Amino acid sequence: MSESVTHDQGPSSYGRPLLGRILSDTFNLPSAKLDEALAYQREKGGRLGEVLVRLHMLREEELLEGLAQQFELPWAPQLESTQIDHELIKKVPIAFCRRYRVLPLRHENGTILVASSDPLETVAFDDLRLLLGTPITPVLTTGVSLLACLNRAYDEIASPTGAEKVMEDIAASESLDQLAHELDEPQDLLDATDEAPIIRLVNSVLFQAVRQRASDIHFESFERGLVVRYRIDGVLYPVLTPPKHLQASIIARLKIMAGLNIAEKRLPQDGRFAIRTSGKDVDLRVSVLPTSHGERVVLRLLEKENRLLNLSEMGFSGERLSAIHQLIQLAHGIVLVTGPTGSGKTTTLYAALSHINAPDKNIITVEDPVEYQLLGIGQMQVNPKINLSFAAGLRSILRQDPDVIMIGEIRDRETAEIAIHASLTGHLVFSTLHTNDAASAATRLIDMGIEPFLVASSVVAVLAQRLLRRICSDCKRPYNASADELDRLGLPPGTNQTLYRGAGCPACSQTGYRGRTGIFELMILDDEIRRLIGTKADSSAIKQAAIANGMVTLKQEGAERVIQGHTTMEEVMRITQQEIEV
């Protein structure tokens, strides 16, 4: 991302300050690390910035901020589609923007601002200058932010046929069942030219789901019709109510796309298919369930381009992050992550595995299903049809000489026993468990039939987590906390505390929330907690001992996020299902 440079005190031959000097001054990059990166650069080649990021000496955001200083360019760590002139980007092909990772933003002071993650992308800047007939001013941003904003902006100008409009067209159709069986090869939904109304309706529903960041799509059959709902940031929103006579055709179309048996309507079925929309590859897992009013279909959307978060991006506080780093470097023991379905447990485990993944470690997982591919890690998917359960897969894994094992979920006594045996024989084991808080994990294992002394000697830590919706940054508004809110937050009466809420805007679909962040409860087992587990103490006694040992509860961390302005009190109460008590 930058030309080869040394880190002398003076300016470069280009008349600009040297990148190494800027990074040292701005981000306290030690001279020893800079010397190491320069030696690597001399031996292997490449740009200094890329070398620093590759060696994990610098984050991409820090490098780009340094480059912005070096080239005296504006720095925008986050881009929003609301900042973009849609008439301007209509003049630039999306393929060009994707190829060169550039995005025209708007006219400003006689020039056009163009977002880029590389200040040396002069060919693209020259082409845009010729195409638009106006001088160009680059604005540096991260690659992730640029691509996300690029896709969102071109989605907004694509003007696809709305689902409601398609339903109006369908009203005149006479052969719906025949149309629902038409199937072409998967393609980008923005380029789809299918004339069949049912196909266009389903494509429109899928397209809008990806555009609105939905994680699931529900097609629910009721007595008087079909209801389509999107799950966005963990909450279901109704988006469409097709009439009853379209139900069979819509569900048949979905089953054909997933390769399922459209004639079988009495048994549950599972399948999957892939689509492209706005240049994104999206995998969809399909679950069909027969109900009294017809079949019900739920689609889980998984974007292939989604970058796995690292531990520092999960929302851990500094002290807790240090504790997590120490735990995942242990040689043996069990680390459990607990929480309800959809609380981000698998994402946390993937982040932990990615952090410790190294050529000198053999890491193997057994999952149901494998959601994301991790380079350098062996991943096995359970298959009940051939009796490949978690327990059976775990037995096989132990014969593969692993250092670290990840079990998707401990569901039964057999899996728990093998996991404990593995941890006691020198393996580090990660797994998930369905409990409400960290303290309940031990009692859950004992309820499965595991001896208390085995639980106490094998489990080293339990991390409970939830996902909270973030307040939308575009419509975030301050207000003064009421007396009731101050009391719930544990603040003295009369405190002048500013809280925030989202007013609702197009960017967040009028919900006031956009995106999610985690809250965590980390219980590290000390001697007192092990003693309580060994005596079959209840979870409340274990929890009190953990709090006395310094554990911050989910409710306490949720209250902190409210005070920090990240979320609302209503959201914390919804997630923890209890009043905030500090």
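Among contacts in the protein chain between residues at least 6 apart in sequence, what percentage join residues at least 24 apart? In this predicted model, 63% of those contacts join residues at least 24 apart. The protein chain has 23 helices and 18 strands, and of its 582 residues 50% count as buried.

**The six-stranded sheet and helix H12**

One open sheet holds six strands in the order S6-S5-S4-S9-S8-S7, and the pairing within this sheet is antiparallel. Strand S6 (235-240) and strand S7 (269-277) stand at the edges, and because each has a single partner strand, one side of each is left without a neighbour in the sheet. From one strand to the next the twist averages 25°. At the S6 edge, strand S5 (residues 225-232) and S6 are joined in the antiparallel sense by five bridges, with Ile232 standing opposite Val235 in S6. Helix H12 (residues 247-257) packs on this sheet, where it touches strand S4 (216-222), S5, S7, strand S8 (280-291) and strand S9 (294-303), and the direction of H12 makes about 45° with that of S9.

**Helix pairs**

Two packed helices are described by the angle between their axes and the distance between the axes. The table gives these values for two pairs.

| Helix pair | Angle between axes | Axis distance |
|---|---|---|
| H11 (residues 197-211) and H12 | roughly 70° | within 10 Å |
| H20 (residues 527-534) and H21 (residues 539-548) | about 175° | 9 Å |

Helix H12, which also packs on the sheet, is therefore roughly perpendicular to H11, as angles of 65 to 115 degrees are counted in that class. On the H11 side the residues involved are Ile198, Ile199, Leu201, Val202 and Leu206, and they meet Ser249, Ile250, Arg253, Leu254 and Met257 in H12. The pair formed by H20 and H21 is, by contrast, roughly antiparallel, because angles over 145 degrees are counted that way. In this second pair the contact is made by Glu528, Ile529, Leu532 and Ile533 of H20, together with Ala541, Ile542, Ala545 and Ala546 of H21.

**Strand S10 and its partners**

Six of the six residues of strand S10 (residues 333-338) are buried, so S10 is largely enclosed by the rest of the structure. In a regular strand the side chains alternate between the two faces of the sheet. In S10, Gly333, Val335 and Val337 point one way while Ile334, Leu336 and Thr338 point the other way, and all of them are buried. S10 pairs with strand S14 (residues 428-433) in the parallel sense over six bridges, and in this pairing Gly333 stands opposite Leu428 in S14. Strand S15 (residues 459-471) also runs parallel to S10, to which it is joined by five bridges, with Ile334 opposite Val459 in S15.

**Helix H14**

Does the end-to-end distance of H14 agree or disagree with its expected span? At 1.5 Å a residue, the 12 residues of helix H14 (residues 345-356) should span 16 Å, and because the end C-alpha atoms of H14 are 17 Å apart, the two values agree. The buried residues of H14 are Lys345, Thr348, Leu349, Tyr350, Ala351, Ala352, Leu353 and Ile356.

**Backbone details in loops, and cysteines**

The peptide bond from Asp368 to Pro369 is cis, with omega near -5°, and Pro369 lies in the loop between strand S11 (363-367) and strand S12 (378-381). Two residues other than glycine have a positive phi: for Glu72 the value is near 55°, and for Asp401 phi is likewise near 55°. Glu72 is found in the loop between helix H4 (60-71) and helix H5 (86-89), and with a relative accessible area of 70% this residue is exposed. Asp401 is found in the loop between helix H15 (390-398) and strand S13 (404-407), and its relative accessible area of 62% makes Asp401 exposed.

Turning to cysteines, a search of the whole structure finds zero disulfides. Cys97 has a relative accessible area of 0% and is therefore buried, and Cys149, at 0% relative accessibility, also counts as buried.

Definitions and conventions. Residues numbered from 1 in each chain as written. Predicted model: local features only at pLDDT ≥ 70, side-chain atom pairs only at ≥ 80, totals over all residues. Heavy atoms only, no water. Helix = DSSP H or I, 4+ residues; strand = E, 2+ residues; numbered from the N terminus. Expected span 1.5 Å × (residues − 1). Buried < 20%, exposed > 50% of the residue type's maximum accessible area, 1.4 Å probe, protein only. Disulfide = S-S within 2.5 Å. Pairing = 2+ DSSP bridges. Axes fitted to C-alpha atoms, helices over the stretch in contact; angles between N-to-C directions. Contact = heavy atoms within 4.5 Å. Parallel < 35°, antiparallel > 145°, perpendicular 65-115°, else oblique.
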